[in-house]
Amino acid sequence: MPSNHLPLLLAAYQYKFGRDVEAMAQHLIDDIAVGWDELGTDLLDGAPPTLVAALTGGEHWPSRTLDHLITPDGSPPVRMTVTDTTAGELGMPWGYILHPQGIEVISMAHTGAGPLVAWDTDPSTPFSDHPAHWPAITTRRTPNTSRTARPAAGAAPTGPRTAARR
């Protein structure tokens, strides 16, 4: 849900990855074999303790990948990809796409582009799970096929994309 993932991803970009979207994409997308089971508080490394406490309520948990899966036929698990067609059956209600200017948040209940949350948005901003409630901090983007856009932590609505789940 955006109310949980957006603050974590914004803080990770600003602190752990030093505002480097490519380093963040490398970690969240390229460096995993299958997908994410859960994004953890290790993404908050380098963030001020007060922000970490505000975002986590003082709890700590590790990020976990889906590398422990066992397939029905015993073959090695394959990288998760999510499309418009498969998002629902995979239980992916939200998608997050990393752009140079911010993170796009897409509700799988709606097709097309989602609101874009700027990378400099305060991670302690209270986010609703209803994008219509975010007008002060978001803009709409025009769908494109730019190679600079990178999917992250969640499903993406168009074309095969690497997915991450919590």
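A residue counts as buried when its relative accessible area is under 20%, as exposed when that area is over 50%, and as partly exposed in between. Keep this cut-off at hand for the exercises below, which work through a predicted model.

**Exercise 1. Get an overview of the chain.**
Find what share of the chain is buried, and how many helices and strands there are.

*Solution.* Start with burial: of the 166 residues in the chain, 45% are buried. Next, count the elements, which gives 3 helices and 9 strands. Then read them in sequence order, and the pattern α-α-β-α-β-β-β-β-β-β-β-β appears. Finally, turn to the contacts between residues at least 6 apart in sequence: 64% of them join residues at least 24 apart.

**Exercise 2. Describe how α1 and α2 meet.**
Work out how the axes of α1 and α2 cross, and which residues make the contact.

*Solution.* Begin with the two helices themselves: α1 covers residues 2–16 and α2 covers residues 21–30. Their axes come within 9 Å and cross at roughly 125°. Now classify that angle. Perpendicular pairs lie at 65 to 115 degrees and antiparallel ones over 145, so a value between these ranges counts as oblique. The helices α1 and α2 are therefore oblique to each other. For the handedness, the crossing of α1 past α2 is right-handed. Then look at the side that each helix brings to the contact: α1 supplies L9, A12 and Y13, while α2 supplies V21, M24 and L28. Sorted by class, this contact holds 6 nonpolar residues, with no polar and no charged ones.

**Exercise 3. Examine the turn between these helices.**
Say which unusual backbone angle R19 has, and whether R19 is buried, partly exposed or exposed.

*Solution.* First place the residue: R19 sits in the loop that links α1 and α2. Its phi is positive, about 65°, although R19 is not a glycine. Then check the surface: with a relative accessible area of 45%, R19 is partly exposed.

**Exercise 4. Follow Y13 to its aromatic partner.**
Decide how the rings of Y13 and W119 are arranged, and which parts of the chain they tie together.

*Solution.* A pair of aromatic rings is described by two values, the distance of the centres and the angle of the planes. The count of aromatic pairs here is 1. In this pair, the ring centres of Y13 and W119 are 4.2 Å apart and the planes stand at 20°, so the arrangement is stacked. Next, locate the partners. Y13 belongs to helix α1, and W119 to the loop between β6 (115–118) and β7 (138–140), so the pair ties together parts 106 residues apart in sequence. As a last step, apply the burial cut-off: Y13 and W119 are both buried.

**Exercise 5. Compare three further positions.**
For V117, L90 and D129 in turn, state whether the residue is buried, partly exposed or exposed.

*Solution.* Take V117 first. This residue is in strand β6, and a relative accessible area of 0% makes V117 buried. Its C-alpha atom is separated by 8.3 Å from that of Q101, 16 residues away along the chain.

Move on to L90, in the loop between β3 (81–82) and β4 (94–99). Here the relative accessible area is 27%, so L90 is partly exposed. Between the C-alpha atoms of L90 and M80, 10 residues apart along the chain, the separation is 9.6 Å.

End with D129, in the loop between β6 and β7. D129 is partly exposed too, as its relative accessible area is 22%. Leaving aside neighbours within four places in sequence, D129 is in contact with M1, P2, S3 and W94. The C-alpha atoms of D129 and N4 are separated by 8.8 Å, with their positions 125 residues apart along the chain.

Note on methods
Residues are numbered from 1 along each chain as its sequence is written. This is a predicted model: local features need pLDDT of at least 70, side-chain atom pairs count only at pLDDT 80 or more; totals for chains, interfaces and linings use all residues. Side-chain values use heavy atoms; hydrogens and water are left out. Axes are lines fitted to C-alpha atoms, for helices over the stretch in contact, and angles run from 0 to 180 degrees between N-to-C directions. Helices (H or I, at least four residues) and strands (E, at least two) are DSSP runs, numbered from the N terminus. Angles under 35 degrees count as roughly parallel, over 145 as roughly antiparallel, 65 to 115 as roughly perpendicular and the rest as oblique. A crossing is left-handed if the near helix is turned anticlockwise from the far one by less than a right angle, and right-handed if clockwise. Contact means heavy atoms within 4.5 Å. Ala, Val, Leu, Ile, Met, Phe, Trp, Tyr, Cys and Pro count as nonpolar, Asp, Glu, Lys and Arg as charged, and the others, Gly among them, as polar. Rings of Phe, Tyr and Trp (its six-membered ring) pair if their centres lie within 6.5 Å; planes under 30 degrees apart count as stacked, over 60 as edge-to-face and the rest as tilted. Buried means under 20% relative accessible area, exposed over 50%, partly exposed in between (1.4 Å probe, protein chains only).
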